[in-house]
Amino acid sequence: MSNPEAEAKKDLGNEAFAAKEFDTAIGHYSDAIKIDRTNHVYFSNRSASHGGKKDWKAAMEDAKECIKLNPAFIKGYYRLVTAQMELQDFDAAISTVKQGLTVDPDNSQLLKQLRLCKQKKAAVDSANKRTATRAASSNQQRRGVPMDASVSQEVQDLQEQLMATNREYQTVKANMTRSQREQAISKVTMSEMDKLPADSASKLYRPIGKMFQLSSRADVMTHLDETVEAQSKAESDLTQKLEYLERRMKSQQQNIQELTTAPSSTE
């Protein structure tokens, strides 16, 4: 049940948001959160207000908190994807869209965002590739050394490999964030379960795929323990993967630098 005092602060925030008074709106939503930080809507609305100010990093953080509090709240995914796209973290944005689509597979807004993410990502990747190629060619020209055709092709191949590695890095990074979020949700749920009396008659459900099954307290706690353990292992594996990809990108960057700065012939 919503806290009346917090709801009053939210209503004031909504009025300020409608008037595009985003700083004022953020203040009211922050007051609501201080009173009741378990309400996901307050974080969603504050995220939108940060977005109104183009403060996309703050908008992203509030959207993540919104989703953590209520993973079934579709608007939270929309807020997060919007912020991630503005920050040009397209791989993370695509991952977020796909996560939201597991909740509502036919959501038109998320499907539209997915198409937009892919289009923007392709455009940025293409622009980065052109910029890198021009920079390499310009570097050779400044040194008065024409770039050999075979070297130029090798540089282009390495640039494509670097872009592919970076895409993989961003995907693994997004998976890491999702794993950490799953752990946090499970731990919060376990904490709330511990508050229930041992003889509580409350009905408990645990997720099985996209469905929920009525389960005993012991079964739910076992499921949560297993989830935390599995996600903790996944996080460890993903950390190692990120470290490997960082080393690979560094090596690819060094190879490109060597090819574009080394003389193409000997004296």
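The following dialogue examines helix α6 and several salt bridges in a predicted model.

Mentor: In this predicted model, local features need pLDDT of at least 70, side-chain atom pairs count only at pLDDT 80 or more, and totals for chains, interfaces and linings use all residues. Residues are numbered from 1 along each chain as its sequence is written, and side-chain values use heavy atoms, with hydrogens and water left out.

Trainee: How do you know that the span of helix α6 agrees with the expected one?

Mentor: Helices are DSSP runs of H or I with at least four residues, numbered from the N terminus. The expected span is 1.5 Å times one less than the number of residues. For the 14 residues of α6 (residues 90-103) this should give 20 Å, and the end C-alpha atoms are 20 Å apart, so the two agree.

Trainee: What makes α6 largely enclosed?

Mentor: Buried means under 20% relative accessible area, exposed over 50%, and partly exposed in between (1.4 Å probe, protein chains only). In α6, 11 of the 14 residues are buried, so the rest of the structure largely encloses this helix. Among them are F90, D91 and L101.

Trainee: Why is the contact of R46 with D62 called a salt bridge?

Mentor: The term requires a side-chain nitrogen of Lys or Arg within 4 Å of a carboxyl oxygen of Asp or Glu. The N to O distance between R46 and D62 is 2.7 Å, so the pair meets the definition. R46 lies in helix α3 and D62 in helix α4, so the bridge ties together parts 16 residues apart in sequence.

Trainee: Why is R46 called buried?

Mentor: Its relative accessibility is 17%, so R46 counts as buried.

Note on methods:
Helices (H or I, at least four residues) and strands (E, at least two) are DSSP runs, numbered from the N terminus.
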